[in-house]
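Hi there,

Here is the structure I promised to pass on to you. Have a look at it first, and then read my notes underneath.

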Amino acid sequence: MAAILSISDLRKSYEGGFEALKGVSLEIEEGEILALLGPNGAGKTTLISTVCGIITPSSGKVLVGGHCILDDFRAARSLIGLVPQEINLEPFEKVINSVRFSRGLFGKPKNDVLIEEILKKLSLWDKRNSQVKELSGGMKRRVLIAKALAHEPRVLFLDEPTAGVDVELRKDMWDVVRELKANGVTIILTTHYIEEAEAIADRVGVIADGQILLVKDKDDLMAQLGQKQLCVHLSTAIDTVPEALAPHGLALNGAGDALIYTYDTKAERTGITALLNDVAAAGLVLSDVSTRQSSLEDIFVGLVSGDKS
């Protein structure tokens, strides 16, 4: 599938020498959902703002649908919808008028049928004549999404779209994102919620210190970097791991009634059979065993901290 967004060696430096982006290169395919994870100050918002024309890059090239964001700004920007972190809405404006206005800003003709469809998909139709100031925080975020979709963009940026939104509303918004994808919209979202990336993303990108650490298919990332843990539950708690079991690199849980064994799922041998034999030989009695796969959060923390093993 062709790339709808192509970023090549994108850099942004400020007076004083601070580098917010350090040679970011990224290809995003049409119709995919990319979750961009990174700690505060990693460069997520700077990257989005640069692609959307809010910030001028120091160097590098960005193409949106084949249009350069500098040489052909209007054409490139018309393909982009942006939902910012900040709720920057006119408080006394009616919801429907706010969304109509956004469509008009891009020179699009009036289309009340489309506006109604967007508002209904976002559960805003009943609030269409309400003033923005009367809405909850979660509903205001939905208005931001409606405004971003009003001019029918092909690429939608969601910068922390569910920040401050309760769990139920967050899952509703995930459904909205999935529906947008089904309609062919390419979505790039930044998020602090690891479960958000796990739930809806096709690929996951990790950015730190202005650099892309990796971009991988979510499932491939989990398989490649994820580790599995075997928890050996003991019938009787112990104070320390027996010396005979030291070669296995076991950890003892806080209660002392379980041994934790971490292993590579892609290794030729997991070492589980030898471990269980040695546990029995050490005189320990098992009550149960269970396994746990590393989460995307475990992987993310390891990458950002520099531990890519």
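Please keep in mind that this is a predicted model.

A good place to start is helix α5, which runs over residues 137–149. Its 13 residues reach 19 Å from the first C-alpha to the last, close to the 18 Å expected at 1.5 Å a residue. Is this helix mostly covered or mostly open? Mostly covered: 11 of the 13 residues in α5 are buried. Among them are G138, M139, V143 and L149, and R141, R142 and K147 are buried as well. The cover over these buried residues includes the strands β6 (80–83) and β7 (155–159), together with the helices α3 (95–105), α4 (112–121) and α6 (167–182).

Next, the nonpolar cores. In soluble globular proteins, nonpolar side chains tend to be buried together. Here the largest nonpolar core has 47 residues, and L119, L156, L158 and I187 have the most contacts inside it. Helix α5 gives the most to this core, with seven residues. If you click on L158, you can look for its contacts with V83, I145, V177, I187, I188, L189 and T190, leaving aside residues up to four places away in sequence. There is also a second, separate core of 26 residues, which includes I7, L26, V62 and L82.

Finally, the cysteines. How many disulfides are there? The count comes to zero. C52 is in no disulfide, as the nearest cysteine sulfur, that of C68, is 14 Å away. That is too far for a bond. C52 is buried, with a relative accessible area of 2%, and C68 is buried too, at 12%.

Enjoy exploring!

Terms used
Residues are numbered from 1 along each chain as its sequence is written. This is a predicted model: local features need pLDDT of at least 70, side-chain atom pairs count only at pLDDT 80 or more; totals for chains, interfaces and linings use all residues. Side-chain values use heavy atoms; hydrogens and water are left out. Helices (H or I, at least four residues) and strands (E, at least two) are DSSP runs, numbered from the N terminus. The expected span of a helix is 1.5 Å times one less than its number of residues. Buried means under 20% relative accessible area, exposed over 50%, partly exposed in between (1.4 Å probe, protein chains only). Contact means heavy atoms within 4.5 Å. A disulfide is a pair of cysteine sulfur atoms within 2.5 Å. A nonpolar core is a set of buried Ala, Val, Leu, Ile, Met, Phe, Trp, Tyr and Cys residues joined through side-chain atoms within 4.5 Å.
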